[in-house]
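Open the model in your viewer and keep the selection panel at hand. We will go from stop to stop, and at each one I will suggest what to pick and what to look for.

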Amino acid sequence: MTNKRLGKVIITILGLIILLLLPLVVKNPYWQHLFIMGLVNSVLGMTFSMIFCCAGMVNLGIGAFFAIGAYASTMLVIMGNWSFWLALPLAVIITGIIALAFGFVSIRNPGVPFVLMTIIFAEIVTQMTGQIQLFGGWGGFIMIPRPDSIGPIEFKTKLPYYYLILSLFLLIVLFLKGIYTSRIGRAWKAISLSPHLAETIGINVYRYRVLAFVIASSAAGLVGSFYAHYSQTIAPASFSGFFSILVQLYPILGGINFYILGPTLGAGIMTFIPEYLRITKEIEPIITGLLLLAIIIFFPGGILGSLINFPHLRLTVISNRLKEIRAWLSIIKSR
Amino acid sequence: MANLEVKKVTKYFGGLAAIQDIDLDVFDSEIMGLIGPNGAGKTTLFNIISGFYPLTSGNIMFKGEDITGLRADVIAKKGIARTFQLTTLFLRATVFDNVFIGFHMHYRQAGWKALFHIPAVKKEELIIKQKVKELLNITGLTQLKDELAINLPHGYQRILGVCIALSCNPKLLLLDEPLTGMDPTEKLVMVDLIKKIRIRGITIVVVEHDMKAVMRLCDRIIVLNHGKKIAEGLPEEIIHNREVIEAYLGREDGEMDVV
């Protein structure tokens with residue numbers, strides 16, 4: 001076993017232990033809530049980086065698929081009297097089917113048209129859930145039932161919710177790890193590095209892009225279903241366009257080339273920092289936007305990318321970027 | 001037996017004819033040269049054969065099968081591999097990974113099995129890794145296998161491009177200017193490599209501007225000018241063809257200086 005691999009194994013085990021013990025050490029329910037939301041957000045971040053790194057496409061409609069998962073599961077439980085444990089997988093399937101239909105049409109133009117279509121799709125979902133009374137209207141659903149208790153485990157405190165989302169998170173990580181290291185993952189790598197060359201080695205680029213999109217959207221639907229039954233209220237406003245834009249910050253902050261660790265780190269940071277600084281909801285978008293800009297300009301590799309490619313952190317690079325910006329500003333001023 | 005038959009292929013970009021009524025036959029295990037001044041339509045023809053551009057009219061047969069209008073990846077699966085004029089590689093991947101990714105079509109195990117990395121899949125991957133090593137050995141890239149493709153010198157990048165094309169196990173290889181930007185030693189290495197590939201029974205069509213290399217390498221040459229075929233024959237015949245000389249002397253840098 002090489003040193004690098006040994007290091008990876010140690011980090012994985014340490015991370016796992018920390019994740020398992022976290023809510024047992026930190027007993028404050030508010031903090032536990034943040035841990036849960038951190039895990040939800042990291043899965044959403046992973047779906048963004050998956051579509052970006054595997055298919056080379058930017059998806060600004062993740063919120064829509066998160067919402068579809070949440071609404072599908074809620075309606076199955078409330079109107080169909082289903083058990084949460086059955087509604088969860090079915091919500092994933094429903095999200096997957098809708099993603100397949102949307103991807104089938106939109107991925108024919110994977111560039112800018114796709115980005116625009118995802119934004120529009122997110123808006124359509126928000127409007128539909130708001131306007132149509134069947135979907136709860138603008139008020140959404142309240143008092144969504146908690147998951148049925150399994151044996152002695154009752155979903156009354158944050159603790160069981162934490163372990164539920166942790167197991168979903170680990171399931172998704174294992175799944176992604178398996179698929180990224182398989183030949184499907186290699187085909188995705190080929191597509192993201194050079195779609196033309198990928199075609200000449202016999203990869204059906206369109207089909208693999210749709211596959212990545214469907215898998216990523218289903219994962220968003222999965223955590224959406226969990227989120228609905230965890231927060232017990234859902235409303236169209238909470239899945240608005242800004243939500244989808246916030247999601248892309250996680251992988252970009254953590255490191256866009258680290259499919260799993262990047263979004264987790266980014267989501268961890270972005271879930272805690274605003275809360276810790278007691279920043280109110282009103283100015284959060286401003287901070288988020290500035291942060292996004294700063295990362296893209298100064299640390300295009302994100303935190304992990306900058307740590308690994310240390311030269312990126314050198315002051316000369318930063319000062320060069322500042323000079324470029326000053327030059328741009330002077331051009332703008334002179335106009 | 002004809003390996004590739006191009007029959008009356010025409011391609012219009014808007015109102016402009018990039019290629020008009022081109023006929024050509026490529027026979028099994030021959031090296032055919034495709035030459036002509038810049039803008040003659042050589043690369044366009046490659047793009048049509050390999051499925052990147054739809055053609056306006058005509059037919060393309062490969063091994064007796066009609067492949068007209070098929071998608072690029074389907075044509076690749078039929079056994080036509082190509083390289084690009086501008087070096088096109090998986091730049092941010094290692095040399096080994098470049099070729100490993102290239103073996104995409106060789107997997108026989110189902111995709112969902114690959115997800116769980118069951119023993120049969122692992123065994124298959126080991127076999128393919130062995131094949132990658134062999135291919136790197138043949139092309140002389142073994143020492144560089146852990147380098148990122150982007151860090152390779154230009155000559156090696158071109159060789160890696162051919163190597164990726166070979167990883168598809170093609171029956172026909174289309175090489176688009178394999179010698180561009182190479183120094184004389186690198187050119188020798190590449191010419192040797194192309195000859196080696198032919199010995200393995202792979203048919204080759206090569207577009208190239210370096211006339212010395214084309215004359216040394218090719219069994220037969222076809223000359224295009226303004227999207228039309230103006231000559232076809234053995235290298236010696238082509239050198240003395242009036243029309244070909246005129247087509248080339250019309251250009252300032254007159255690349256037919258070997259004559």
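In what order do the 6 strands of the open sheet in chain B stand? The order is β6-β7-β8-β3-β9-β10, and the pairing is mixed. Strands here are DSSP runs of E with at least two residues, helices are runs of H or I with at least four, and both are numbered from the N terminus. Two strands count as paired if DSSP finds at least two bridges between them.

Before going further, note that this is a predicted model: local features need pLDDT of at least 70, side-chain atom pairs count only at pLDDT 80 or more, and totals for chains, interfaces and linings use all residues. Residues are numbered from 1 along each chain as its sequence is written, while chains are lettered from A and ligands numbered from 1 in the order in which they are written.

**Stop 1: the sheet of chain B**

Colour β6 and β10 (228-233) of chain B. These strands stand at the edges with a single partner strand each, so one side of each has no neighbour in the sheet. From one strand to the next, the twist averages 20 degrees.

Now select β6(B) together with β7 (172-176) of chain B. The two run parallel and are joined by 3 bridges. One pair to label is Ile80(B) with its bridge partner in β7(B), Leu172(B).

Next, add helix α1 (42-49) of chain B. This helix lies across β3 (31-35), β6, β7, β8 (203-207) and β9 (220-225), and runs at about 145 degrees to β7(B). Such angles run from 0 to 180 degrees between N-to-C directions, with axes fitted as lines to C-alpha atoms, for helices over the stretch in contact.

**Stop 2: a hairpin and the loop after it**

Select β1 (2-13) of chain B and β2(B). They pair in the antiparallel sense over 8 bridges, and Leu4(B) stands opposite Val26(B). The two strands form a hairpin with 2 residues between them, and Gly14(B) in the turn has a positive phi of about 65 degrees.

Move on to Ser29(B), in the loop between β2 (16-27) and β3 of chain B. Its phi is near 50 degrees, a positive value in a residue other than glycine. Ser29(B) counts as partly exposed, with 15 C-beta neighbours inside 10 Å. The scale is this: 20 or more other C-beta atoms within 10 Å make a residue buried, 12 or fewer exposed, and anything in between partly exposed, with C-beta atoms placed from the backbone.

**Stop 3: where the chains meet**

Show both chains. Here 26 residues of chain B are in contact with 20 residues of chain A, contact being C-beta atoms, placed from the backbone, within 7 Å. On the chain B side, α2 (72-78), β6 (80-82), α3 (95-102) and α4 (111-116) give two or more residues. That side divides into 16 nonpolar, 6 polar and 4 charged residues. Nonpolar covers Ala, Val, Leu, Ile, Met, Phe, Trp, Tyr, Cys and Pro; charged covers Asp, Glu, Lys and Arg; the others, Gly among them, are polar.

**Stop 4: two helices in chain A**

Select α3 (62-78) and α5 of chain A. They pack at an angle of about 35 degrees, with their axes 8 Å apart. Residues that meet include Ala67(A) and Tyr71(A) in α3(A), and Phe121(A) and Val125(A) in α5(A). By class, this contact has 7 nonpolar, 2 polar and no charged residues.

Stay on α3(A) and pick Thr74(A). Is Thr74(A) buried or exposed? Thr74(A) counts as buried, with 26 C-beta neighbours inside 10 Å. Leaving out residues up to four places away in sequence, Thr74(A) touches Phe141(A), Ile144(A), Ala228(A) and Ile234(A).

Leu76(A), also in helix α3 of chain A, is buried with 20 other C-beta atoms within 10 Å. With the same residues left out, Leu76(A) touches Trp82(A), Ala87(A), Leu90(A) and Ala91(A).

For a contrast, click Met143(A), in the loop between α5 (112-131) and α6 (158-180) of chain A. Met143(A) is exposed, with 8 other C-beta atoms within 10 Å, and has a positive phi of about 55 degrees although it is not a glycine.

**Last stop: the core**

Finally, highlight Ile51(A), Ala190(A), Ile191(A), Ala212(A), Val223(A), Leu160(B) and Val206(B), which touch the most other members of the 173-residue largest nonpolar core. Such a core is a set of buried Ala, Val, Leu, Ile, Met, Phe, Trp, Tyr and Cys residues joined through C-beta atoms within 7 Å. Helix α9 (205-231) of chain A gives the most to this core, with 17 residues.

Terms used. Contact = placed C-beta atoms within 7 Å.
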